[in-house]
Structure formats: C-alpha cells, structure tokens
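Q: Got a minute to walk through this one with me? I'd like to go over strands, charges and surface patches.

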Amino acid sequence: MRMYELIMKKRNGGALSKEEITDMINGYVDGTIPDYQMAAFLMAVYFRGMTEEETLAMTQAVAQSGDMVDLSAIEGVKVDKHSTGGVGDKTTLIVAPIVASCGVKVAKMSGRGLGHTGGTIDKLESIPGFQTSLSQEKFFETVNKAGLSVIGQTGNLTPGDKKLYALRDVTATVDSIPLIAVSIMSKKLAAGSDCILLDVKTGSGAFMKTVEDSIRLAEEMVTIGENAGRRTIALITDMDIPLGNNIGNSLEVIEAVETLQGNGPEDLTEVCVQLASNMLFMAGKGEMDACEEMARQAIQNGSALESLKTMVKAQGGDVSVIEDTDRFEKAVYRKEVLAPRSGYITHMDTEACGIASSLLGAGRATKEDAIDYTAGIILKKKTGDYVERGECIAELFTSDEKRFVAAEEKFDAAICIADEAPNEKPLIYARVTKDGVRH
Ligand code: URA
C-alpha cells in the first residue's frame with residue numbers, strides 16, 4: 001500500500017497491519033518516505049491513537065532500525081531500568097548497585113541531560129576518569145565482573161527513533177502517549193535486557209504532569225514490553241518535588257553515595273528501595289516483601305556501595321572520591337537563597353528548579369555546551385517544611401559568579417510560601433503490571 005493510503009487509513013480511524021507499519025518505518029528510515037508524509041501520519045496518530053498491535057509493531061520496527069544489543073554473553077537474568085526524567089533523579093546510581101549486589105546483572109545504557117532534567121551519563125562523568133564509552137567486550141566484561149555497568153548509548157541504537165523524534169519535535173506531535181511509548185520502549189527493546197523497570201515520573205518536574213497521563217503512558221509501555229516478551233513493571237513516582245536534596249552532577253553523585261551508606265534523604269531512599277525491589281522481583285529473586293528486605297539489607301551491609309565502587313574502578317574512575325566525597329572538586333562560588341517571608345513551602349515548581357540548576361552550569365543550553373560538574377543546588381527546605389523569614393532555603397553553587405542572577409531569579413519564582421501547610425502527597429502513586437494498576 002502507498003504511504004498516502006496508510007495516512008488516510010489512520011486519519012479515518014483505521015488500524016494498520018504489522019506489515020504495513022514495518023514497511024512504513026523501514027521506508028522512512030531509508031529515506032523513501034519523506035518527512036512530510038510521516039509528519040501527516042504522526043498527526044493522524046496524535047488524534048486517532050494506535051491499537052495494542054500497532055504500537056507493538058511500530059516499537060519493534062523502530063527497535064530493529066538499528067543494532068539490537070545481544071546480551072547473551074552476560075550470564076544470568078539482565079534487568080534494565082528507565083526513568084522518564086526528573087530533577088534530582090539520581091536513582092540509577094543507587095538502584096543499579098543495589099540490584100547488582102543482590103546478584104542480578106544490570107547492563108545499562110543511559111542518556112545525557114535533556115532540557116531541565118539531568119542525565120546519568122553526565123553525573124557519572126563528574127567522577128574523574130570515569131569512562132562512559134566502552135567497547136562491547138569491555139562492557140560485557142564489566143557487567144560479568146562488577147555485576148553492573150552504565151555506559152552512554154552506542155552509535156547505531158534506534159536510528160529510526162532519532163529521526164522520528166526530530167520530526168515530532170517540530171510538528172507538535174511529541175506529547176502523544178502512544179508515540180512516547182513507542183519511542184521509549186524501542187530503545188529498551190534494542191538495549192537487550194530480559195526485564196524492564198519503568199520509573200514514570202509525575203508532577204511539575206516531569207514530562208507527564210498528571211497522575212492519569214502517567215498511568216496511561218505506563219500501561220502502554222508495560223503492554224508493549226510484555227507483548228515483546230520482556231517482563232515489564234512501571235512505578236508512578238512523584239516529581240512534583242525534586243527527589244532528594246541535591247541537584248547537579250557531582251552533588252548528585254555525593255548524595256547517591258550517602259544514600260548507599262544509609263544516610264540518604266528519606267524520599268530518595270524509599271523510591272530507590274521500591275525500584276530496586278521490583279527489579280529483583282522481576283529477576284525471580286522472590287516475593288516482593290523478600291525483595292524489599294534484600295534491597296534494604298544491601299544498603300545496610302554496605303554491599304551496594306561496594307558494587308558502585310567496583311563499577312567505578314572497572315570503568316577507569318577515581319574511586320577515592322566515592323570513598324571520601326569531600327575529594328570531589330568544589331564549586332568556586334556559593335550563595336544562599338533566603339526565605340522572603342515566614343510560612344510553609346506549599347509548592348516548588350520542579351521544572352523551574354531544574355532550569356535554575358542548569359543556569360548555574362549543571363546543564364547545557366545547546367548540545368555543544370560544556371558542563372560545570374560542580375554546579376547545582378542543595379535544597380535545605382522542601383515542600384511541606386516551615387521556614388522563618390531570612391532562613392536559608394537552598395544553597396546555589398557555580399564556577400561562574402555571573403550565573404547567579406538568572407538562576408536565583410528562576411529559583412525564587414519556583415518557590416511558593418503560604419500560611420497553611422500543604423496536603424502531603426504520596427511518593428509512589430501506583431504500580432502498573434500486566435495484571436493491572438495497583439494504587
Ligand atoms: N523520552 C523519549 O525517549 N521519547 C519520547 O518521545 C519522550 C520522552
């Protein structure tokens with residue numbers, strides 16, 4: 001069938017066959033289908049949606065547009081994790097070592113910071129010497145030896161997604177739940193793990209702003225994963241407040257180490273324990289209660305921290321900064337943000353907190369920008385806390401003093417203070433499995 005007819009079929013609410021979708025994606029990737037026709041198809045999907053069969057076919061076609069990583073050289077069950085992105089989200093640095101120290105392999109490809117959200121690869125590169133680009137042999141060897149390895153995405157993973165995402169970005173079709181699900185899950189299928197844990201963030205710092213949308217996205221992704229033969233579970237976790245207290249690359253590594261030492265903030269520790277226990281559960285380590293206990297033990301007995309150190313060493317990083325986080329390079333400038341009035345912090349616009357950190361130098365305005373690994377924010381107060389006028393709410397760090405003006409303006413505008421304490425919100429809203437949604 002010609003592309004014209006496929007567009008018309010979707011525009012009229014019909015469903016495409018697996019073959020039609022596969023041919024269409026292949027044709028788009030090899031250039032025989034032009035951008036303008038694919039753009040029309042994406043817009044039709046935006047309004048008409050896709051069936052379960054269509055999303056699976058599209059995800060598999062996009063996954064197969066490039067390399068499909070074969071992890072069979074790594075012994076045992078391999079578990080992957082994906083976060084839809086947030087502010088202060090350093091969970092991979094904590095969860096992957098916990099899971100590895102419990103005997104389940106994590107061979108993970110992560111991304112760099114995007115917009116207001118940080119990226120695991122940038123965080124890891126704040127560890128002096130740490131290599132995020134490894135040969136396949138070295139990657140497998142590290143996972144077999146350390147139980148885990150985290151690297152940047154390899155060259156030819158899902159080129160179809162790169163092309164589609166760039167087109168969606170300029171045709172107002174990014175915020176389509178089936179298209180987001182296809183985009184994320186194509187990369188997860190190509191990355192090769194047996195089980196996939198999805199951390200779908202919800203709230204002002206997340207891609208999905210409402211719990212309802214987050215659950216819909218999670219359901220689509222879990223269905224795709226399970227239909228593709230991968231065990232898949234999603235947790236809907238709060239991103240209406242930054243996770244933990246530290247935002248920024250080396251600041252987040254420091255907080256991850258503190259959490260693995262058992263001294264982390266409660267919210268971060270709890271989310272990490274829940275993510276890790278679901279990964280252990282999928283890998284067959286026992287019932288959920290036993291897996292949760294295992295994850296907590298891995299923090300308490302120090303074995304998870306040892307796993308992080310082993311990975312850092314294996315990937316060329318300076319392990320002395322993990323052993324003593326005071327050895328991390330410090331930002332040259334520090335500034336306190338003071339409360340303009342007394343009252344309760346009722347809301348923090350979390351996206352704006354992420355942008356403020358980026359403005360301090362922790363993120364990039366363009367792809368070519370260099371990152372200031374020491375830059376970022378340490379929150380001293382968060383939503384629900386009472387503050388006195390003039391009390392320190394946060395510390396800002398940067399190596400370029402001029403950056404304080406814009407960053408502080410952004411951060412100040414993100415914080416709401418009022419007389420009444422806000423209602424407490426859950427940290428984890430729901431768990432989505434193939435059997436349904438549990439709140
Ligand atoms: N993240 C992705 O990888 N793809 C999307 O479409 C949206 C968020």
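**Strand S2 and onwards**

A: Sure. Strand S2 (residues 106-110) is mostly covered, with 5 of its 5 residues buried. Buried here is under 20% relative accessible area, exposed is over 50% and partly exposed is in between (1.4 Å probe, protein chains only). Strands (E, at least two residues) and helices (H or I, at least four) are DSSP runs, numbered from the N terminus. Bear in mind that this is a predicted model: local features need pLDDT of at least 70, side-chain atom pairs count only at pLDDT 80 or more, and totals for chains, interfaces and linings use all residues. Residues are numbered from 1 along each chain as its sequence is written, and side-chain values use heavy atoms, with hydrogens and water left out.

Q: Which residues of S2 sit on each of its faces?

A: Val 106, Lys 108 and Ser 110 are on one side, with Ala 107 and Met 109 on the other. Both faces are covered, and all of these residues are buried.

Q: What does S2 pair with, and in which sense?

A: Strand S3 (residues 148-152) is a partner, in the parallel sense and over 5 bridges. Two strands count as paired if DSSP finds at least two bridges between them. As one register point, Ser 110 has Gly 152 as its bridge partner in S3.

Q: OK, over to S13. Buried or exposed, mostly?

A: Strand S13 (residues 428-433) is mostly covered: 5 of its 6 residues are buried.

Q: And which strands does S13 bridge to?

A: Strand S5 (residues 231-238) runs antiparallel to S13, joined by 4 bridges. Ile 236 is the residue opposite Ala 430 there. S13 also runs antiparallel to strand S14 (residues 436-438), with 3 bridges, and Thr 433 faces Gly 436 in that pairing.

Q: How many residues are in the hairpin between S13 and S14?

A: The hairpin joins the two strands through 2 residues.

Q: What's the strand order in that open sheet of 3 strands?

A: The order is S10-S8-S12, with antiparallel pairing. Strand S10 (386-387) and strand S12 (415-418) are the edges, each pairing on one side only. Strand S8 (residues 343-348) pairs with S10 over 2 bridges, in the antiparallel sense, and Gly 343 is opposite Val 387 in S10.

Q: Switching to charges. How many salt bridges are there?

A: The structure has 29, where a salt bridge is a side-chain nitrogen of Lys or Arg within 4 Å of a carboxyl oxygen of Asp or Glu. Take Lys 10 and Glu 54, whose side chains meet at 3.0 Å, N to O. Lys 10 is in helix H1 (residues 3-11) and Glu 54 in helix H4 (residues 52-63), so this pair ties together parts 44 residues apart in sequence.

Q: Are those two buried or exposed?

A: Lys 10 and Glu 54 are both buried.

Q: What does Glu 255 bridge to?

A: Its partner is Lys 90, with the closest N and O atoms 2.5 Å apart. Glu 255 lies in helix H11 (residues 249-260) and Lys 90 in the loop between strand S1 (79-83) and helix H5 (91-101), so the pair links parts that are 165 residues apart in sequence. Both Glu 255 and Lys 90 are buried.

Q: And what about Glu 292 and Arg 296, where are they in the fold?

A: They are 4 residues apart in helix H13 (residues 288-300), so about one helical turn separates them. Their salt bridge has its closest N and O atoms 2.8 Å apart. Glu 292 counts as partly exposed because its relative accessibility is 23%, and Arg 296 does too, at 25%. Elsewhere, salt bridges with shared partners join Arg 112, Asp 122, Glu 125 and Arg 364 into one network.

Q: Last topic, the surface. Which residues form the nonpolar patch with Met 43?

A: Tyr 46 and Phe 47 join Met 43 in that patch, with about 310 Å² of accessible area together. Areas come from the Shrake-Rupley method with a 1.4 Å probe; for residues, only the protein chains shown count as cover. Patches take residues with over 30% relative accessible area and no salt bridge, joining nonpolar side chains (Val, Leu, Ile, Met, Phe, Trp, Tyr) within 5 Å and like charges within 9 Å. Met 43 lies in helix H3 (residues 35-48).
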